[in-house]
Amino acid sequence: MNENTQKLNLKREIGLVSAVSLIAGTMIGSGIFMSPQWVLYHIGSPGGSLVIWAACGLLAMLGSLSYAELGTVIKESGGEYIYILRTSGPLPAFLLAFTSMLVVRPASIAGIALSFAEYAVAPFYQGCPPPELVVKFVAAACILLLAIANCLNVRGSMSIQVFFMAAKLISLVVIIIGGVVMLINGHTSSFQNAFQGTIVGINPIGMAFYQGLWSYDGWNNLNYVTEELKRPEVNLPRAVMIAIPLVTVLYLLVNISYLAVMTPTELMSSSAVAVTWGNKVLGSWSWLMSVAAALSSFGSLNGTFFSGGRLCYVAAREGHMPDILSMAHVQRLTPSPALIFSTAISLLVLIPGNFKSIVNFFSFTAWFFYAITLSGLLYLKLKKRHLPESYEVPVVIPIIVIISAVFLVLAPIIDDPGIEYLYVSLFILSGVMFYIPFIHFKLCPNFLTKATVFLQLFLEVAPTEKNTD
């Protein structure tokens, strides 16, 4: 049956506007509404926190420019996975897919969904924290809703992304304007002796970067959907150069607005910074900030979900995951099995998860693989010739990002060793136990083949080919 089935492609339906929305719309999410107090808590001063936010934006920009070069040389979807596979071999690529699909991506989705839920239910529980069960139920409902939307249609998913991108830009502009008004009225106490109390140390700086970079997560999202991007050699670097400077400037201005309205102590003690800002500036209209933050998180979650499903899909297409995950719906041309799998794992991670632990775990593992990915770029630069139409960055840029990635991986371990980092490392290495029998020796239980045939008929999906048009 498989031999006579015409294979499918995922179509190139993402233009420049959608590409910018996918990057910026994913980056601008829960982080800017929840991370500012944690960045300030770890670094200790308003001036120090603004430096961290600017440095995070610069690092994201340098990383995305390096990824743009990789994306124009290796024109395949899958992000870090496909780049590591092509430059470092199948085992490290499998370990990335294993870790990302089972923990990193689901943890990111669960963290953003929890942020959405906290802001969505906040107006109904004024003066007291909402019940944890209610928050997690709303977060689960959000994940399921976006799973359905992404399984139905690619254009529909991108329309959601563009719409919510516009909504969150309006929200941030409102916050910025409110801050400007407060500054004009003389609310500048937070900026007097702005660097007083700055905590200097490997661990506090590293943890502050973790929290800040959570808000920039998504800078590499476009590389996961390269095969669905129109003219990737042009639109990939162009979208990066538009989206990330825009987000960085917005983040700095929003943080200045927060500090203009709240004292550092008030900001650090707030459980929902945007809501506290709204209470002080908008008065009876403060509920609009809860709505804006919820919409922003929803749009960010959609982008994370969209790209995360492609990682699972590409890994299966390369033989590192069950075949069913590499198939697409015969009519809708969406990788629905991979999206369904990502949804199931995300819901499981949601049960015990909490925001801060998810951020730290995600940052530690993500930057470990970023360093490996960019080491592959250096290999390509030194050993191989690029294609004539490929986009290139100076070699110093990936070197800076690699050094930064190594610092972010080692900083929390050197200054304050924790047993959880050992658990993370052991979990990554545990993927070898699955790789050797199932990937290297290709031991495939018979029931898996039967399950694939059943699911292929039930889900109405068929095998796919790479989009090389």
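**Exercise 1. Place Ala 411 in the fold.**

Ala 411 lies in helix 16, residues 396-415. Helices are DSSP runs of H or I with at least four residues, strands are runs of E with at least two, and both are numbered from the N terminus. This is a predicted model: local features need pLDDT of at least 70, side-chain atom pairs count only at pLDDT 80 or more, and totals for chains, interfaces and linings use all residues. Residues are numbered from 1 along each chain as its sequence is written, and side-chain values use heavy atoms, with hydrogens and water left out.

Step 1. Is Ala 411 buried or exposed? Ala 411 is buried, because its relative accessible area is 1%. Buried means under 20% relative accessible area, exposed over 50%, and partly exposed in between (1.4 Å probe, protein chains only).

Step 2. Find its contacts, meaning heavy atoms within 4.5 Å. With neighbours within four places in sequence set aside, Ala 411 contacts Ile 202, Asn 203 and Gly 206.

Step 3. Check the separation from Met 207. The C-alpha atoms of Ala 411 and Met 207 are 8.2 Å apart, while 204 residues separate the two in sequence.

**Exercise 2. Describe the setting of Ser 64.**

Step 1. Locate the residue. Ser 64 sits in helix 4, residues 46-73.

Step 2. Judge its exposure. A relative accessible area of 1% is why Ser 64 counts as buried.

Step 3. List its partners. Not counting residues up to four places away in sequence, Ser 64 touches Trp 219, Val 240 and Ile 244.

**Exercise 3. Work out how covered helix 3 is.**

Step 1. How many of the eight residues of helix 3 are buried? Six of the eight are, so helix 3 (residues 36-43) is mostly covered.

Step 2. Name them. The buried residues are Pro 36, Gln 37, Val 39, Leu 40, His 42 and Ile 43.

Step 3. Look just past the helix. Gly 44 follows with a positive phi of about 90°.

**Exercise 4. Examine two non-glycine residues with positive phi.**

Step 1. Take Asn 193. Its phi is positive, about 55°, although Asn 193 is not a glycine. Asn 193 lies in the loop between helix 8 (154-184) and helix 9 (202-216). Asn 193 counts as exposed because its relative accessibility is 59%.

Step 2. Take Arg 231. Its phi is near 45°, a positive value in a residue other than glycine. Arg 231 is found in the loop between helix 9 and helix 10 (232-261). At 52% relative accessibility, Arg 231 is exposed.

**Exercise 5. Account for the cysteines.**

Step 1. Count the disulfides, pairs of cysteine sulfur atoms within 2.5 Å. The structure holds zero.

Step 2. Inspect Cys 312. Cys 312 is in no disulfide, and the nearest cysteine sulfur, that of Cys 151, is 11 Å away. Cys 312 is buried at 1% relative accessibility.

Step 3. Inspect Cys 56. Cys 56 is buried too, with a relative accessible area of 0%.

**Exercise 6. Summarise the whole protein.**

Step 1. Count the elements. The protein has 19 helices and two strands.

Step 2. Test its size. The radius of gyration, taken over C-alpha atoms, is 22 Å. A compact globule of 469 residues would have one near 23 Å, so the protein agrees. The globule rule is 2.2 Å times the number of residues to the power 0.38.

Step 3. Add the extent. The C-alpha trace spans about 75 × 50 × 45 Å along its principal axes.

Step 4. Add the burial. Buried residues make up 58% of the 469 residues.
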